[in-house]
Amino acid sequence: LRKIRVAKLVVTYRAEILIQYLQNFFAPFFMMIALSFAKASTVSVASLTPYYLLIALSVPISRSVVDEEIAELTASGDINNFLLRPLGLYPFLLTKDISKKIISILTTLPFLLAITIIFKYQTPDFVLILLGLAVSFMVTFNVGYLAGLFCFWIDEFWVTKNIKDVLILFFSGAVLPYALFPSQVVDLIRYSP
């Protein structure tokens, strides 16, 4: 019976990773279909293909769900355990999230290398992509951590989480490339993390 439970957990974990990557391909796919029907678009579907491929592969690496974990720890009361431990909540959650990202990076790395070769990116571009992913993960983690701390004061935390997720996806360029934004929004994005 224990082996069956462990097997179910392994399958669930692998399915979660697969679903997370597939989910990131659906929105860009429909966006590219919609843009192919647009007549006055300044961006072509061919130029969006490498962009959305990189977005679909990089969002799972840079995305953090630390706010959900803080909300779960708060709702269950397990957050009180961190008052007694010598390790604080922030380093614990950061280490836990980084360990998940190592698996995502190992899963994504062959695809990122293939895209780099297919679309003829240079090696410095690939290094900058990895550096950008690390910085974006830290920004996303810290914003998520700060948003997660609101669950101490707000009963319905899912509203705050959804607003944070929409703002991050919108301002990160994961939904639409910056070329499709008005110039005022692009100026605002330049001064945001």
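These questions and answers walk through a predicted model, from its cores to its salt bridges.

User: Which helix gives the most residues to the largest nonpolar core?
Analyst: The largest nonpolar core has 14 residues, and Val-66, Ile-70 and Leu-73 are among those with the most contacts inside it. Three helices each supply at least two residues: H3 (66-76), H4 (89-118) and H5 (123-148). With 4 residues, the helix that gives the most is H3.

User: Which residues does Leu-73 touch, not counting residues up to four places away in sequence?
Analyst: Leu-73 is one of the residues with the most contacts inside the largest nonpolar core. Leu-89 and Leu-93 are also named among those residues. Leaving out residues up to four places away in sequence, Leu-73 touches Asp-78, Ile-79, Phe-82, Leu-89 and Leu-93.

User: How many residues are in the other core, which lies apart from the largest one?
Analyst: In soluble globular proteins, nonpolar side chains tend to be buried together. Here a second core lies apart from the largest one. Its members include Leu-54, Leu-57, Ile-115 and Leu-133, and its residue count is 6.

User: Asp-97 is buried yet has no salt bridge, so how far away is the nearest side chain of opposite charge?
Analyst: Asp-97 lies in helix H4. It touches Ser-64, Val-65, Val-66, Phe-137 and Phe-141, not counting residues up to four places away in sequence. A salt bridge needs a nitrogen and an oxygen within 4 Å. The nearest side chain of opposite charge is Lys-101, at 4.4 Å.

User: Is Ile-154 buried, partly exposed or exposed?
Analyst: Ile-154 lies in the loop between H5 and helix H6 (157-172). Together with Phe-150, Phe-152 and Trp-153, Ile-154 makes a nonpolar surface patch of about 460 Å². Buried means under 20% relative accessible area, and exposed means over 50%. Ile-154 has 30% relative accessibility, so Ile-154 counts as partly exposed.

User: How many residues apart in sequence are Asp-67 and Lys-164?
Analyst: The structure holds 6 salt bridges. One of them joins Asp-67 and Lys-164, with the closest N and O atoms 3.1 Å apart. Both residues are buried. Asp-67 lies in helix H3 and Lys-164 in helix H6, so the pair ties together parts whose separation in residues is 97.

User: Which residue of helix H4 meets Glu-69 in a salt bridge of 3.3 Å, N to O?
Analyst: Glu-69 sits in helix H3, and its partner sits 27 residues apart in helix H4. Glu-69 counts as buried because its relative accessibility is 12%. The partner is partly exposed, with a relative accessible area of 36%. At 3.3 Å, the side chain that meets Glu-69 is that of Lys-96.

User: Which residue meets Glu-69 in a salt bridge of 3.2 Å, N to O?
Analyst: This pair also links helix H3 with helix H4, and the two residues are 31 apart in the chain. The partner is partly exposed, at 34% relative accessible area. The residue that meets Glu-69 at 3.2 Å is Lys-100.

User: Which residues are joined into one network by salt bridges that share partners?
Analyst: Asp-67 and Lys-164 form a salt bridge. Both belong to a network in which salt bridges share partners. The joined residues are Asp-67, Glu-68, Lys-161, Lys-164 and Asp-165.

Notes: Residues numbered from 1 in each chain as written. Predicted model: local features only at pLDDT ≥ 70, side-chain atom pairs only at ≥ 80, totals over all residues. Heavy atoms only, no water. Core = buried A, V, L, I, M, F, W, Y, C linked by side-chain atoms within 4.5 Å. Buried < 20%, exposed > 50% of the residue type's maximum accessible area, 1.4 Å probe, protein only. Contact = heavy atoms within 4.5 Å. Lys, Arg positive; Asp, Glu negative; His and termini not counted. Patch = residues over 30% accessible without salt bridge, like charges linked within 9 Å, V, L, I, M, F, W, Y side chains within 5 Å. Areas by Shrake-Rupley, 256 points an atom, 1.4 Å probe, with all protein chains shown as cover.
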